[in-house]
Amino acid sequence: MSEENLYTAVRGFVLDALAELAPDLAPELLARVEVTPTKDVAHGDMASNAAMIAAKTAGKNPRELAAGLVERLSARPEIAKAEAAGPGFVNLTLAPSYLLAQLPVILRAAEAYGQRQARGLKLNVEYVSANPTGPLHVGHCRGAVVGDALANLLAKAGFEVTKEFYINDAGAQVAALARSVYVRYLEALGLDPQAYIDTVPGGMQYGGAYLVPLGEELAKLHGDEFAETPEANWIDRFRDFAVGRMLDLIKEDLAALGVRQHVFSSERALVEAGGVARGLQTLRDQGLIYRGVLEPPKGKTPEDWEPREQELFRATQFGDDVDRPIAKSDGSYTYFANDIAYHADKVMRGRDGLINVWGADHGGYVKRMQAAVKALSGAKLDVVLCQIVRVMKNGEPVRMSKRAGTFVELRDLIDEVGPDAVRFSMLMRKSDAQMEFDLAAAVAQTRENPVFYVQYAHARARSVLRAAPPPDANVNLVALGAPEEMALIRRLITWPRLVEQAAEAREPHRVAFYLHDLASDFHALWNAGRENAQLRFILEDKPVETAARIALVAATAIVLRSGLAVLGVTPVEEMR
RNA sequence: GGACCCGUAGCUCAGCUGGAUAGAGCGUUGCCCUCCGAAGGCAAAGGUCGCGCGUUCGAAUCGCGCCGGGUCCGCCA
């Protein structure tokens, strides 16, 4: 396989030249040498900071070193022009033939362009993991989209990726779900549930109408068998039934968004298999669990605070601020203990790295979870936090509460604006930036959504290709050279580099911005053809030019598809 | 009181892990369809990058301190 990432290749040239001028530079120093796209075409195609990085230890000033690099790099056939600039940049203009030679590479690779070779490393990306107590609401969709796109991105970057959903089916929430379903069951039997509701400590916690059919179904199935019986007789049965149904609901919602996870891990199954004690044993063996008393949180002492001895995990040894309880005062495990066990399980399944996509309301748990994973294994846990999406309707924030049944269901949103627009707009922002989502605007402004801008570029490209002879990877490309054409090519060859960098930063939004820029370059070229007929893609009397331009258009469509696939957005053929 | 995230154009947001003159979309103003798809393009206007020190060849980016917004802080998950 030829080197697809041209920046990596050129960086190799720079390092070769640097080694002649300043041998024996430390590897840490060389690692900081970059070859980057230039912001301004006047600076050429690529620029390197090599001279500025190496100057000090090489005992030369940056400009002097840059001049030496320029001399050596200019001699290479791949480089048309090299010059020193500014404080010591080396600006490189690539030989057109070298740049153009990437077009056949793209055409042959097709949608696999930008796909890095397998690294032999397995990553686990866990996302959504909503409580199985109801359908997904719009607050969930950011994490769902970001997690899914990130997983795709990492796969593109050469990692073996497992997409995972953690089912919180073991705690008080799902017990409350079972009780709420029980209420619907009583109603379905024609009984007044009020007397029962009064006996439940938290009352009717999940009052949404979506549980009504479950109650009816249970009434049909069991008649009044459980109507007057103690909770112990029915709660397991009702809970399992309800959790199963809610999970089906969630999976349907995810499917509507185009999200399909590989693994659904049940907390309950883990607990019942004794996984918690097993997971904690690793920590006990290392003496990282002890009995102790925590200080009250400063400035916000709960009124009923009293010192209690608890089992604690020495999270402070791994960078956390305080040690964290793994058992409640009554001896039962905390959620954190279950989470430790779950992460131990994920690591044992052979993952080289774990990534959790969490809502910002879990920000306070990042350090302790990272500490636990560090203590459990050599694997690293990265947490991508998604800030809460504030849903606005007519300028008013919409309160979302699953318990009150007042949330806006994700499904409604998808049905209204379509999965592509939902996904793309969630990815047009950095995930840790706060975000307002105006429902009215999302519905009304579908045409203004940037996703259509990108899809339109693809549809335009495909429309040209339908009217032209098929693209040929062996075509003569010398006819290409207009500024708009070269700008587009420069953008295309940046795709492999972008995949790598976005994956490393765990930032799928960069893909969305890249595609927007690429679409912009393509639209600009298109309109150049409207201004100047000689720049049109298809010229009846000029088969050589036409063939070269068709190759460029085909390459553009390929990269657009390649990127949209990462985002999970449909590359439409036409948008009429 | 503490932890984490955010503060960039009127609005919504990027800014490639420290680089050259800080960008895009929307909105405003003015242009471009006898021509492959105008859901497009070109141009103009719009900035003390929250404030102040510091680190160095160089800071929107890194460190510290303030100011403002958000999320969270044992026996919920």
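Let me begin with a contact at the RNA: a polar backbone atom of Lys-430 lies 2.5 Å from a phosphate oxygen of RNA strand B. I should state at once that this is a predicted model, and that the distances I quote are computed from it.

A second phosphate contact involves a side chain. In Tyr-453, a polar side-chain atom is placed 2.4 Å from a phosphate oxygen of RNA strand B. The bases are also reached: a polar backbone atom of Phe-537 is 3.2 Å from a base nitrogen of RNA strand B.

Which elements give two or more residues to this surface near RNA strand B? They are helix H3 (50-58), strand E4 (89-94), helix H8 (172-188), strand E15 (435-438), helix H19 (450-467), helix H21 (495-505) and helix H22 (509-531). The most is given by H22, which supplies nine residues.

Turning to the surface as a whole, 71 residues surround RNA strand B, and the closest are Phe-89, Arg-429, Gln-501, Arg-536 and Met-575. Of the atoms of RNA strand B that come within 4 Å of the protein, 53% belong to sugar and phosphate. By residue class, the surface near RNA strand B comprises 29 charged, 24 nonpolar and 18 polar residues.

I now move to the division of the chain. Chain A is split into four parts: domain 1 (6-94), domain 2 (122-168 + 260-386), domain 3 (172-256) and domain 4 (449-567). Between the C-alpha centres of domain 1 and domain 3 the separation is 68 Å.

Next, the sheets. One open sheet has four strands in the order E1-E2-E4-E3, and their pairing is antiparallel. Why do strand E1 (35-37) and strand E3 (79-85) each have one side without a neighbour in the sheet? Both stand at the edges with a single partner strand, so one side of each is left unpaired in the sheet. From one strand to the next, the twist averages 25°.

Helix H1 (residues 6-21) packs on this sheet and touches E1, E2, E3 and E4. The direction of H1 makes about 135° with that of E1.

Strand E4 deserves some detail, as an element already named at the RNA surface. On one side, strand E2 (residues 46-48) pairs with E4 in the antiparallel sense over three bridges. Within that pairing, Met-46 has Leu-92 of E4 as its bridge partner, while Ser-48 has Val-90 of E4.

E3 also pairs with E4, again in the antiparallel sense, over six bridges. Here Ala-85 has Phe-89 of E4 as its bridge partner, and Phe-89 is also listed among the closest residues to RNA strand B. How many residues lie between E3 and E4 in the hairpin that they form? There are three, and Gly-86 in the turn has a positive phi of about 55°.

Finally, I come to another open sheet, of three strands, with the order E8-E9-E10 and antiparallel pairing. Strand E8 (289-293) and strand E10 (324-325) are at its edges, each with a single partner strand, so each has one side left without a neighbour in the sheet. Strand E9 (residues 309-313) and E10 run antiparallel and are joined by two bridges. In that pairing, Phe-313 stands opposite Arg-324 of E10.

Key: Residues numbered from 1 in each chain as written. Chains lettered and ligands numbered in written order. Predicted model: local features only at pLDDT ≥ 70, side-chain atom pairs only at ≥ 80, totals over all residues. Heavy atoms only, no water. Near = heavy atom within 4 Å. Polar contact = N/O pair within 3.5 Å; in protein donor to acceptor, adjacent residues only side chain to side chain. Nonpolar A, V, L, I, M, F, W, Y, C, P; charged D, E, K, R; others polar. Pairing = 2+ DSSP bridges. Axes fitted to C-alpha atoms, helices over the stretch in contact; angles between N-to-C directions. Contact = heavy atoms within 4.5 Å. Domains from an automatic or database assignment.
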